[in-house]
Amino acid sequence: MKAKQVLLLGICAMLLCPTIDAAERWLEGYKKVLVIGAHPDDPETMCGGTMIKLREMGVEVVSVYFTGGEAGIPGKSHEESRAIRTAEAKKACEVMGVRAVFMTQIDGNAEVNKARYAEMKALIEAEKPDMVITHWPIDSHRDHRVCSILVYDAWRQTGYTFDLYYGEVMTGMQTQTFAPNHWVNITEQHDQKVKAYYCHESQDMPLVQEWHDAMEILRGMECHTKYAEAFTKQVWTE
């Protein structure tokens with residue numbers, strides 16, 4: 001009886017955990033994807049491997065930077081920091097082979113108001129994506145939460161014209177209570193992803209790599225591969 005119970009548990013685990021094939025299939029059919037991150041380096045660290053994989057699949061990928069990282073370099077003015085960090089983001093996008101777009105919010109002072117709702121909606125309407133990836137809304141960083149809220153509102157206001165997925169950044173330190181339901185095997189894209197986010201030389205990238213490598217190994221274990229990125233899809237509701 002004990003052996004049968006162990007066998008049953010093993011079968012249940014296999015059924016519940018996604019296979020590598022299942023971790024890839026949901027990406028099929030998309031033509032244009034926006035990844036909207038709060039700061040320069042957020043899109044790359046959150047889902048750089050997936051961005052590279054999508055581009056390899058022939059999908060148009062756009063990396064959208066919600067702020068210019070104005071508060072991200074101690075001792076530098078907002079103008080100096082923005083110039084440095086946007087240049088780093090452009091280099092990272094060159095490594096990934098994707099297009100960069102910069103919005104006008106200010107790092108550390110992101111706003112939720114009527115004008116900012118309209119700005120996000122206008123950007124998404126102009127780009128016409130069929131998938132958008134952004135921050136999970138429960139996060140210790142205020143800018144991440146604001147970015148997520150504005151994207152969610154644009155998703156509703158545009159009539160759910162694109163699929164909305166949430167990703168994770170430095171889970172535990174920033175992203176909180178994240179429970180993924182979609183995975184992407186990024187084992188082959190991992191090194192290029194790391195190269196992309198190391199373009200952000202003004203930031204503490206060794207710490208970021210330590211944190212994200214651990215996350216990607218964990219998500220890889222969940223879908224039976226070495227490295228993976230994980231997402232949760234927002235379900236349409238009225």
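**Figure 1. H224 sits in the loop between α8 (205-222) and β7.** The helices and strands named here are DSSP runs (H or I, at least four residues; E, at least two), numbered from the N terminus. This is a predicted model, with local features requiring pLDDT of at least 70 and side-chain atom pairs pLDDT 80 or more, while totals for chains, interfaces and linings use all residues. Numbering starts from 1 along each chain as its sequence is written, and side-chain values use heavy atoms, leaving out hydrogens and water. H224 isn't a glycine, yet its phi is positive, about 60 degrees. With 47% relative accessibility, H224 falls into the partly exposed class (buried is under 20%, exposed over 50%, partly exposed in between; 1.4 Å probe, protein chains only).

**Figure 2. Y160 shows a positive phi in another loop, the one between α6 and β5.** Here phi is about 55 degrees, and again the residue is not a glycine. For orientation, the chain around this loop has 8 helices and 7 strands. Of its 238 residues, 51% count as buried.

**Figure 3. Helix α3 bends at G48 and is largely enclosed by the rest of the structure.** The bend is about 75 degrees (the angle between axes fitted to the seven residues ending there and the seven starting there). The helix covers residues 42-56, and at 1.5 Å a residue its 15 residues should span 21 Å (1.5 Å times one less than the number of residues). The end C-alpha atoms of α3 are indeed 21 Å apart, in agreement with that. Because 13 of its 15 residues are buried, α3 is largely enclosed by the rest of the structure. After the helix comes G58, with a positive phi near 90 degrees.

**Figure 4. The largest nonpolar core gathers 29 residues (buried Ala, Val, Leu, Ile, Met, Phe, Trp, Tyr and Cys joined through side-chain atoms within 4.5 Å).** I36, V64, F66 and M120 have the most contacts inside this core. The elements that each put in two or more residues are β1 (32-37), β2 (60-67), β3 (99-105), α5 (114-127), α6 (142-157), β5 (163-167) and β7 (228-233). Helix α6 makes the largest contribution, with 6 residues. A separate core of 28 residues lies apart from this one, and includes L54, V59, M96 and F231.

**Figure 5. What does V64 touch, leaving aside residues up to four places away in sequence?** Its partners are L34, V35, I36, G37, P43, V101, M103 and L123 (contact means heavy atoms within 4.5 Å). V64 is also one of the residues with the most contacts inside the largest nonpolar core.

**Figure 6. Helices α5 and α6 cross at roughly 60 degrees.** Their axes (lines fitted to C-alpha atoms over the stretch in contact, with angles from 0 to 180 degrees between N-to-C directions) come within 9 Å. On the α5 side, the residues involved are R116, Y117, M120, K121 and I124. Facing them in α6 are C147, I149, L150, V151, D153, A154 and Q157.

**Figure 7. K31 lies in the loop between α2 (20-25) and β1.** This lysine has a relative accessible area of 64%, so it counts as exposed. Exposed or not, K31 still has partners: V59, E60 and D130, not counting residues up to four places away in sequence. The K31 and V59 C-alpha atoms are separated by 4.9 Å, although these residues are 28 apart along the chain.
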